[in-house]
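Hi,

Here is the structure I said I would pass on. Have a look at it first, and then read on for what turned up.

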Amino acid sequence: MTLDEAKRKLIDAGKILEDAGQGDLTRGHVSIRMPGDPSLFIMKPHSHGFDEITPENIVVCNLEGEKVGGEGKRHSEVFIHSEIYRLRPDINSVIHSHPTHAVALSATGRPLRPISQPAVAFADGLPYYTDTINLIRSQEMGRGVAQALGACKAVLMRNHGVALAGKTVEEATILAIMLDNACQIQLLAEAAGGIGQEFSPQEVEKLHFDITRPAQYEVNFQYLRRRALKDASWAGHALADQI
């Protein structure tokens with residue numbers, strides 16, 4: 001993957017995440033490790049929404065969390081990304097967002113249970129980061145998030161949000177959407193009277209394998225990208241009709 005291709009994927013991921021309601025105004029952020037240089041990563045700029053990423057305002061940062069390129073302003077929570085990249089050489093994309101249902105479940109302190117297909121994607125572990133509700137504005141705090149994440153795909157940051165790590169931006173993006181869906185389903189089930197019988201560990205393990213293959217992330221990312229482009233095109237035509 002070239003740098004231009006990585007920037008295009010970062011822009012697409014931003015549009016998908018915004019369409020999925022993950023933005024929380026301008027507070028969410030997404031990054032991709034720099035192709036050919038694992039000591040750097042490109043990232044959404046501060047003060048912009050997920051859907052406002054452009055090739056020009058994309059920020060380049062190093063593993064110290066320092067901005068080393070790009071026209072945009074660096075996010076103050078850059079250390080979530082830099083410290084995960086530092087501790088997880090297998091990871092090439094990081095997302096931090098504040099999805100409503102994931103935050104709500106995190107406030108309960110309860111674990112995510114494998115009662116839905118989205119939840120099964122995290123059956124291999126969904127830990128908690130509980131040190132603070134505050135913004136992650138130091139290397140030490142970012143390291144705490146990365147250590148809480150460990151070898152898992154995601155971590156619930158209690159009363160704050162989520163951090164997700166993917167081998168690709170497609171994986172991280174689809175996992176971000178699946179995690180909030182899973183939390184929503186669990187909260188609804190609990191509110192409706194409680195969770196009934198769960199499927200066996202063997203069935204959960206088989207489904208986990210089936211829905212976490214790379215092809216699953218790629219095909220669903222491309223679908224959501226097409227949908228975002230279609231919605232943008234429709235909105236443009238509707239605006240033109242009004243003029």
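**What I found**

Of the chain's 243 residues, 46% count as buried. Keep in mind that this is a predicted model.

Starting with the whole chain: there are eight helices and eight strands. A compact globule with 243 residues would have a radius of gyration near 18 Å, and the chain has 18 Å, so the two agree. Along the principal axes, the C-alpha atoms fill a box of roughly 50 × 50 × 30 Å. As for contacts between residues at least 6 apart in sequence, 65% of them join residues at least 24 apart.

Next, a helix pair. Helix H1 covers residues 3–19 and helix H6 covers residues 169–191; they pack at an angle of about 5 degrees, and their axes are 10 Å apart. Angles under 35 degrees count as roughly parallel, so H1 is roughly parallel to H6. On the H1 side, the contact is made by Lys9, Ala13, Ile16 and Leu17. H6 brings Val169, Glu170, Thr173, Ala176 and Ile177. By type, the residues of this contact between H1 and H6 come out as six nonpolar, one polar and two charged.

Now for two single residues that I looked at.

His29 sits in strand S1, which runs over residues 29–33. Is His29 buried or exposed? Its relative accessible area is 0%, and buried means under 20%, so His29 is buried. The His29 side chain also has a partner: a polar contact of 3.2 Å joins it to the side chain of Glu77. Leaving out residues up to four places away in sequence, His29 touches Met43, Lys44, Phe50, His75, Glu77, Ile80, His81, Val94, Ile95 and His96. Glu77 therefore turns up both as a polar partner of His29 and among the residues that His29 touches.

The other one is Ala102, which belongs to helix H3 (residues 100–108). Ala102 has a relative accessibility of 0%, so this residue counts as buried too. Which residues does Ala102 touch, not counting those up to four places away in sequence? They are Leu156, Val162, Asp180 and Cys183. Asp180 and Cys183 have numbers that fall within the 169–191 range of H6, the helix that packs with H1. Finally, Ala102 and Val59 are 43 residues apart along the chain, and their C-alpha atoms are separated by 27 Å.

That is what I have for now.

Cheers

Methods. Residues are numbered from 1 along each chain as its sequence is written. This is a predicted model: local features need pLDDT of at least 70, side-chain atom pairs count only at pLDDT 80 or more; totals for chains, interfaces and linings use all residues. Side-chain values use heavy atoms; hydrogens and water are left out. Axes are lines fitted to C-alpha atoms, for helices over the stretch in contact, and angles run from 0 to 180 degrees between N-to-C directions. Helices (H or I, at least four residues) and strands (E, at least two) are DSSP runs, numbered from the N terminus. Angles under 35 degrees count as roughly parallel, over 145 as roughly antiparallel, 65 to 115 as roughly perpendicular and the rest as oblique. Contact means heavy atoms within 4.5 Å. Ala, Val, Leu, Ile, Met, Phe, Trp, Tyr, Cys and Pro count as nonpolar, Asp, Glu, Lys and Arg as charged, and the others, Gly among them, as polar. Buried means under 20% relative accessible area, exposed over 50%, partly exposed in between (1.4 Å probe, protein chains only). A polar contact is a pair of N or O atoms within 3.5 Å; within protein, one must be able to donate a hydrogen and the other to accept it, and residues adjacent in sequence count only if both atoms are side-chain atoms. The radius of gyration is taken over C-alpha atoms; the globule rule is 2.2 Å times the number of residues to the power 0.38.
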